[in-house]
Amino acid sequence: MRGEEGLRILGLDPGLRVTGYGVIDKRGQRLSYVASGVIRTGEGELAERIRRLFSGVQEIVACYAPQAAAVEKVFVNANPQSTLALGQARGAAIAALTHAGQSVHEYTALQVKQAVVGNGHADKRQVVHMVMRLLALPGEPSADAADALACAICHAHGGLGLGGLITAGRRVRAGRIL
C-alpha cells in the first residue's frame, strides 16, 4: 500500500526469545489486518539470537513494505538482567528497521493500551479482545502478535495514548489524566 490512499504500519513487540509482529493498513479511519506472527530466536549465544532477530525484522520489512513502524518501549522490571536483554532485543529490532529506511515510532505499554482499549491499565485479555474487534479478526492471535498489532493500531490512531495528549500541569493516575 503506497501513496496517499493509505498507510501500511508494522508494529513490533520486542523480546529476546519471541518478538511479535503485526502489519495493518490504514485508509482514512478504517484499519485492516494484513499479517501477524512471531520471530523466534531460539536458544544459544546472545550474539546469534540478536542476529536472528535483526534478520527476521528485515525479512518482514522486505515482505510487507511498511511505511512506518511502531515499537513498544522498554519497561523496567524487578530483574535487571531481563530488562537488559529486552533492551538489547529492542535495539536489534530498531537497528533493523532504521537500516531498512523505516521511520520508527515508540510507544509505552500505557500509551498502547490507552489508544486500543481506552484504559492505560487494561489487562492482556482486554487488549486481545479489542485488537480482534478493531481488525475484525476471525481468530485470536498469539499474545505477542496481539501486542504488536496493538502497537500498530496505537500508531494508526495518531499515537493518541497518554503521550499524544497535552498533560502539562496535570497528573496521570491509573491510566487517566486528572
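Biologist: How many of the 14 residues of helix 5 are buried?
Modeller: This is a predicted model, by the way. Helix 5 is mostly covered, and its buried residues include L149, C151, I153 and H155. Out of 14, the buried count is 12.

Biologist: What span should helix 5 have, and how far apart are its end C-alpha atoms?
Modeller: Helix 5 runs over residues 143–156, so you take 1.5 Å a residue for its 14 residues. The expected span counts one less than the number of residues, which gives 20 Å. The end C-alpha atoms agree with that, sitting apart by 20 Å.

Biologist: Which residue just after helix 5 takes a positive phi?
Modeller: Look just past the end of helix 5. The phi there is about 80°, and the residue is G158.

Biologist: Is Q111 buried or exposed?
Modeller: Q111 belongs to helix 3, residues 109–116. Its relative accessible area is 11%, and the cut-off for burial is under 20%, so Q111 counts as buried.

Biologist: And which backbone nitrogen does the side chain of Q111 reach?
Modeller: From its place in helix 3, Q111 makes a polar contact through its side chain. The distance is 2.8 Å, and the partner is the backbone nitrogen of T108.

Biologist: Zooming out, in what order do the elements of the protein run from the N terminus?
Modeller: You've got 5 helices and 7 strands to place. Starting at the N terminus, they go β-β-β-α-β-α-β-α-α-α-β-β.

Biologist: What share of contacts between residues at least 6 apart joins residues at least 24 apart?
Modeller: Take the contacts in the protein between residues at least 6 apart in sequence. The share joining residues at least 24 apart is 59%.

Methods:
Residues numbered from 1 in each chain as written. Predicted model: local features only at pLDDT ≥ 70, side-chain atom pairs only at ≥ 80, totals over all residues. Heavy atoms only, no water. Helix = DSSP H or I, 4+ residues; strand = E, 2+ residues; numbered from the N terminus. Buried < 20%, exposed > 50% of the residue type's maximum accessible area, 1.4 Å probe, protein only. Polar contact = N/O pair within 3.5 Å; in protein donor to acceptor, adjacent residues only side chain to side chain. Contact = heavy atoms within 4.5 Å.
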